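Biologist: I should like to understand how the terms used for this structure are justified. May I put some questions to you?

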Amino acid sequence: MGVPFSPARNYGRIVVTGVGVADTIGDGVGTGCAFAPSVIVPAMHAPARTMPANHLLIELLPPSVLNGSPTPGPAAQTAASAAGNKERGEAAPRPAIIQDTMGVIDLPYTRSVAEETDPVFRRVEHVIPRVEWPLHAPYVAAINRLKRERNAVILAHNYQVPEIFHTVADIVGDSLALAMQAAKTDADVIVLCGVHFMAETAKLVNPAKTVLVPDLKAGCSLAESITAADVRLLRERYPKTPIVTYVNTSAEVKAESDVCVTSGNAVQIVEALGAPRVIFLPDEYLANYVASKTRVEIIAWKGHCEVHERFTGNDVRRFREDDPSLVVLAHPECPPDVLAEADYVGSTQGMTEYVGKVASGEARVLLLTECSMADNVSGRYPGVEFVRPCNLCPHMKRNTLPKVLHSLEAMEYEVTVAPEIAQRARRAVDRMLAFSQPRD
Ligand code: SF4
């Protein structure tokens with residue numbers, strides 16, 4: 001298709017130059033790995049899944065699903081706009097990610113930058129190749145200086161690229177860890193290197209702060225799978241049933257919910273509600289996993305993560321045939337046949353801790369989650385060998401060092417939530433955080 005990609009990393013993964021171009025020119029749901037077929041796990045759609053007895057697939061389908069025309073996400077809108085330009089005979093705008101990739105050469109790697117960033121490089125040289133450092137170092141130096149000037153803190157999700165995760169981030173973790181840290185921070189500015197719903201959550205839990213995202217188009221297929229109107233329809237259909245919502249949703253959806261959860265605390269919170277059944281939104285596979293761990297009846301929605309749904313049980317069996325001693329860890333957003341094959345199922349935080357338990361031996365670990373997770377965990381456990389089936393999240397990969405720098409320089413792009421929505425959404429998030437506080 002003529003989209004540029006380059007095998008850049010020297011530690012076992014392919015970096016696509018222009019990750020995110022996929023959904024600029026495609027159908028809005030592609031992943032970056034679509035351009036690196038040598039590393040992609042084939043997107044085989046599994047046959048009918050076996051669901052636990054207490055799992056009901058939602059029977060109330062909203063018009064957006066029935067018509068097969070969900071509200072287009074930002075990426076799909078970009079593609080539509082490009083198509084409109086073509087019809088009008090106008091030049092299509094260049095995909096932003098290509099501009100950013102070229103922007104990497106803008107800042108020089110001087111002697112003073114080298115000296116200033118040398119301590120950082122020494123910390124990360126096992127995860128960032130030396131040959132790449134002159135590209136990253138000028139941005140690392142400028143970002144860290146600007147962070148101090150702005151009294152800013154950078155929160156980075158586990159799926160961020162190593163050059164963000166290991167060099168400029170102040171706090172790293174999964175959605176729950178980031179939300180808890182956002183609530184506590186004294187900084188004036190929070191730069192959220194993740195996706196849009198995470199920035200909204202940070203704003204909800206700490207409304208006095210300025211919350212910025214490096215790229216406004218960093219969305220999420222799960223968050224886009226459901227709208228506030230969908231949740232209101234469910235409330236009408238099941239008026240007495242609590243609505244439990246995964247944090248991977250918009251503030252509007254959270255505002256219609258009773259409580260939020262993450263993959264790490266979903267089972268605990270569903271049980272703590274004390275209800276015989278709950279509506280669990282929007283991830284069908286996470287709902288299925290929760291149903292397998294509790295006697296509470298779960299009514300699910302049919303949302304999926306475009307990254308995790310690509311894994312299949314066959315993939316895992318093939319890896320195991322090659323190495324029967326492989327330790328397999330899977331995120332609960334993966335389909336049930338994948339989870340059935342895994343040694344451990346849990347959130348990204350849970351997976352990191354589990355790797356810590358096996359790290360003493362000469363373990364080979366297969367992480368069935370987003371590609372950068374293995375890069376970032378391997379930084380902590382250099383003795384463990386990671387097998388890397390590469391499924392990139394195109395939304396997470398919109399964040400780059402040049403964009404983080406721009407964000408701090410221009411104080412863009414600020415994420416706000418309308419007060420009447422924020423008030424109700426905050427209640428659902430605060431309830432989750434209250435359930436998640438460490439107890440004596
Ligand atoms: S990995 Fe999946 S759930 Fe996470 S942001 Fe990307 S699309 Fe959304």
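Biologist: Which residues are around the ligand?

Modeller: The model is predicted. The residues around the ligand are Val195, Cys220, Ser221, Leu222, Asn248, Cys305, Glu306, Val307, Glu370, Cys393, His395 and Met396. A residue counts as near a molecule if its C-beta atom, placed from the backbone, lies within 6 Å of it.

Biologist: What is the make-up of the shell around the ligand by class?

Modeller: The shell has 7 nonpolar, 3 polar and 2 charged residues. Cys counts as nonpolar and Glu as charged in this scheme.

Biologist: How many helices and strands does the protein chain have?

Modeller: The protein chain comes to 19 helices and 13 strands. Of its 440 residues, 48% count as buried.

Biologist: Why is Val316 called buried?

Modeller: Val316 has 23 other C-beta atoms within 10 Å. The term requires 20 or more, and Val316 is therefore buried. This residue is found in helix H14 (residues 313-322).

Biologist: With which residues is Val316 in contact, leaving aside its neighbours within four places in sequence?

Modeller: Val316 is in contact with Val328, Val338 and Glu341. For Val338, 22 residues apart from Val316 along the chain, the C-alpha atoms of the two are separated by 7.0 Å. That separation is between C-alpha atoms, whereas a contact is judged on C-beta atoms, which must lie within 7 Å.

Biologist: What share of the contacts between residues at least 6 apart in sequence join residues at least 24 apart?

Modeller: In the protein chain, 68% of those contacts do so.

Biologist: What makes strand E2 and strand E4 a pair?

Modeller: Strand E2 (residues 152-157) and strand E4 (residues 189-193) share 5 bridges in the parallel sense. At least two bridges are needed, so E2 and E4 pair. Ile154, for instance, has Val191 in E4 as its bridge partner.

Biologist: In what order do the strands of that open sheet lie, and which are called edge strands?

Modeller: The 4 strands lie in the order E3-E2-E4-E5, with parallel pairing. Strand E3 (171-173) and strand E5 (210-212) are the edge strands, as each pairs on one side only. From one strand to the next, the twist averages 20°. Helix H9 (residues 196-205) lies across E2, E4 and E5 and runs at about 155° to E4.

Biologist: How do you know that strand E8 is mostly covered?

Modeller: Strand E8 (residues 277-281) has 4 of its 5 residues buried.

Biologist: Which strands are joined to E8 by bridges?

Modeller: Strand E6 (residues 243-246) is joined to E8 by 3 bridges, and the two run parallel; Val244 has Phe280 in E8 as its bridge partner. Strand E9 (residues 297-300) pairs with E8 over 4 bridges, also in the parallel sense. There, Val278 is matched with Ile298 in E9. The chain passes from E8 to E9 through helix H13 (residues 284-293) in a right-handed β-α-β crossover.

Biologist: What makes strand E11 and strand E13 edge strands?

Modeller: Strand E11 (344-345) and strand E13 (385-387) each pair on one side only. They belong to an open sheet of 4 strands in the order E11-E10-E12-E13, with parallel pairing. Within this sheet, strand E10 (residues 327-330) and strand E12 (residues 364-368) pair over 4 bridges. One of the matched residues is Ala330, whose bridge partner in E12 is Leu368.

Notes. Residues numbered from 1 in each chain as written. Predicted model: local features only at pLDDT ≥ 70, side-chain atom pairs only at ≥ 80, totals over all residues. Axes fitted to C-alpha atoms, helices over the stretch in contact; angles between N-to-C directions. Contact = placed C-beta atoms within 7 Å. Buried ≥ 20, exposed ≤ 12 C-beta atoms within 10 Å, placed from the backbone. Right-handed = clockwise from strand over helix to strand, strands pointing away.
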